[in-house]
Amino acid sequence: MLIFRIFLFSFVILCGSLSLFTESTFAQSSIVNPNQTYSTARMLNDIKKLEQAYPGFIKKEVIGKSEYGRNIYAVSLGKGDSTVFINGSHHAREWITTNLTMNMIDKYAAAYKSGTKINGYDVKKLLNNTTIWFIPMVNPDGVTLQQFGLKYFPVKDHSKIIKMNNGSKNFKRWKANAKGVDLNRQYDANWKNLESPKAPSYKNYKGAKVATASETKAVLSFVEKIDPEMTISYHSSGQIIFWKYQQTGSRYTQDYKYASKLNKITGYSLVKPRSTGGGFGDWFNKVEKKPAFTIEVSPAVGETNVPLKNYSKIWSQNASIGLYTAQEGYKLFDTRNTAASDKVT
């Protein structure tokens, strides 16, 4: 009898251990490996795997095409009517922000399914209330050029691209789309007054007209469609947060509160209030009059991509940013809907 009790006790402990092991393993399981050069092909492959792993919960759609015809993908995560929007890789050499946003999708989905929390955030509750939309790579042409050089572009265009790169065949510093337009200087917020090279270039050329690049048009149309409550634009170099563009009064107070929380989570410095313009966040603040934040995730590295050795720290500083955005986005959505309902009543 004693032997049976010992066996039964051991069996219960073993089953409990296996249960804990399975849950822990599942929560930590990964489809996305962010510790590698993250190409357009790798991104699409992982998006497809994530869709298969979480059917109905993760969905992808093509929101437009780049100047050279590459698909621009948006990925949704969550079930709520409230929406927020996170984007990466507006700039070619800043593709580590694609690693970051794809890893968010992967880790948040796993935590949702397993019922685990991330840094204290109840993932299941948040993603039942809110849908997070991601565009992990706004600029697939530019990223491809920066990572692989000319081989994936028409031979007839090689000389033009080299000219935009000041005669160099080394494209590690490339920032623009492959037609030489800086996508984060294309938005209609003080665009006319932005300083810019006179012709297409590997960096900083704002375009002949506002919002003319295919990639910019795709983002603008998509934002109009999903109507997000809050946006995060990820860029790569400086460990700073841009948050201010022409807000005053209660909007200034509100957005400063959000920015201060982002500062607390990441440790990144808030940029002193200033108005430059041209960026997605500037446009969203000005036109949609909703909170928008631009986050630079790595110490400055100069005119090249952030080294992969920096990624682990970047993740630890940003792992909960999407969840915080979802949480605050839902509050804004709920407040606005409640106010509209009260007005009707």
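**Helix α7, its surroundings and some side-chain contacts**

Visitor: Which elements do the buried residues of α7 pack against?

Guide: The buried residues of α7 pack against β1 (58–65), β2 (71–78), β3 (82–87), β6 (130–135), α5 (140–148) and α9. Packing rests on contact, meaning heavy atoms within 4.5 Å. Helices (H or I, at least four residues) and strands (E, at least two) are DSSP runs, numbered from the N terminus. The model is predicted: local features need pLDDT of at least 70, side-chain atom pairs count only at pLDDT 80 or more, and totals for chains, interfaces and linings use all residues. Residues are numbered from 1 along each chain as its sequence is written, and side-chain values use heavy atoms, with hydrogens and water left out.

Visitor: Which residues of α7 are called buried, and which are exposed?

Guide: Buried means under 20% relative accessible area, exposed over 50%, and partly exposed in between (1.4 Å probe, protein chains only). In α7 the buried residues are E215, T216, A218, V219, F222, V223 and I226. E224 and K225, on the other side of the helix, are exposed.

Visitor: How do you know where the buried residues of α7 lie around its axis?

Guide: The arc is taken from the directions from the helix axis to the C-beta atoms. Down the axis of α7, the buried residues fall within an arc of 160°, so they line one face of the helix. As background, an α-helix has 3.6 residues a turn, so residues three or four places apart point the same way.

Visitor: How does the span of α7 agree with what is expected?

Guide: The expected span is 1.5 Å times one less than the number of residues. For the 13 residues of α7 that gives 18 Å, and the end C-alpha atoms are 19 Å apart, which agrees. After α7 comes D227, with a positive phi near 50°.

Visitor: Why is α5 called mostly covered?

Guide: Eight of its nine residues are buried: P140, D141, G142, V143, T144, L145, Q146 and Q147. These buried residues pack against α2 (40–53), β2, α6 and α7. Just after α5, G149 has a positive phi of about 75°.

Visitor: What makes N190 and Q239 notable in phi?

Guide: Most residues other than glycine have a negative phi, and most peptide bonds are trans. N190, not a glycine, has a positive phi near 60°. Q239 is not a glycine either, and its phi is positive, about 50°. N190 lies in the loop between α6 and α7, and Q239 in the loop between β7 (231–237) and β8. N190 has 28% relative accessibility, so it counts as partly exposed.

Visitor: Why is the pair of Y187 and F280 called edge-to-face?

Guide: Rings of Phe, Tyr and Trp (its six-membered ring) pair if their centres lie within 6.5 Å; planes under 30 degrees apart count as stacked, over 60 as edge-to-face and the rest as tilted. The structure holds 16 such aromatic pairs. In this one the centres are 5.5 Å apart and the planes at 80°, so both conditions are met and the pair is edge-to-face. Y187 lies in the loop between α6 (158–164) and α7 (214–226) and F280 in helix α9 (residues 280–288), so the pair ties together parts that are 93 residues apart in sequence.

Visitor: Why do Y187 and F280 count as buried?

Guide: Y187 is at 1% relative accessibility, so it falls under the limit. F280 is at 0%, so it counts as buried too. Both belong to a cluster linked by ring pairs: F85, W133, Y187, F222, F280, W283 and F284.

Visitor: What makes K179 a charge over the ring of Y68?

Guide: The rule asks for NZ of Lys or CZ of Arg within 6 Å of the ring centre and within 35 degrees of the ring normal. The charged end of K179 sits over the ring of Y68, 5.0 Å from its centre. K206 lies over the face of W191, at 4.5 Å from the ring centre.

Visitor: Why is the link between H91 and D182 called a polar contact?

Guide: A polar contact is a pair of N or O atoms within 3.5 Å; within protein, one must be able to donate a hydrogen and the other to accept it, and residues adjacent in sequence count only if both atoms are side-chain atoms. The side chains of H91 and D182 make such a contact at 2.7 Å. H91, in the loop between β3 and α3 (96–114), is buried, with a relative accessible area of 6%.
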